[in-house]
Amino acid sequence: MNVYERQVRVEAPLSEVWKFHATGDGLVALTPDWMNIRIEAERGPDGEPNPEELTAGSVVESSIKPFGVPPRQRWVSNIVAREEGEDEAMFRDVMEEGPFPHWEHTHTFKALSDRETLVHDHVEFELPGGPLGQALGPFGCLGMEPMFRYRHQQTKELLEG
């Protein structure tokens with residue numbers, strides 16, 4: 001299994017950072033334009049459409065078309081865990097359907113002070129392509145770096161203002 005990790009300090013309270021990451025709108029805001037993401041549907045744990053907050057058991061159906069190159073790739077994520085404490089919070093999404101044979105993304109948030117939050121991304125993944133994908137797995141992290149750098153820059157820009 002390949003692992004990619006990145007973190008950033010955000011000058012915003014944990015509550016604001018947590019709330020921002022609780023919806024599909026947050027996902028769209030943090031995805032680079034060149035990915036051409038589209039949220040197709042969001043369902044809460046009991047199947048209700050467009051929940052106010054994505055809690056454990058929620059499903060996000062999206063599609064991407066990187067660099068505008070067809071076809072659109074379907075990406076279905078299940079929120080399998082979501083926990084909030086006084087000074088820490090986390091949620092984990094697992095790709096049910098999409099371009100990777102395995103994708104598990106754990107988002108953790110830690111209050112460093114009343115005005116600063118540490119955002120940490122931990123992704124466990126496998127690249128497509130069977131044995132060749134396995135061999136190229138360590139290089140997958142190089143491809144993820146620009147995407148997560150963008151996500152973290154956007155988080156700072158949108159929440160520190």
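Okay, let's start with the pocket: the largest one here has a volume of about 850 Å³. By pocket I mean an open set of points on a 1 Å grid over the protein atoms alone, where a 1.4 Å probe fits, with protein on both sides within 12 Å along at least five of seven lines. The volume is the space filled by probe spheres set on those points.

There are 36 lining residues, and Met35, Trp75, Trp103, Met147 and Arg151 are the closest to the centre; lining means having an atom within 4 Å of a point.

Before I go on, this is a predicted model, so to speak of local features we need pLDDT of at least 70, and side-chain atom pairs count only at pLDDT 80 or more, while totals for chains, interfaces and linings use all residues. Numbering runs from 1 along each chain as its sequence is written, and side-chain values use heavy atoms, without hydrogens or water.

Which element gives the largest share of that lining? It's α3, with six residues. Helices are DSSP runs of H or I, at least four residues, and strands are runs of E, at least two. By type, the lining splits into 21 nonpolar, 12 polar and three charged residues, with Gly counted as polar.

Now the sheet. It's open, with seven strands in the order β1-β7-β6-β5-β4-β3-β2 and antiparallel pairing; pairing takes at least two DSSP bridges. At the edges sit β1 (2-10) and β2 (38-43), each pairing on one side only. Between β2 and β3 there are five bridges, and glutamate 42 has valine 60 in β3 as its bridge partner.
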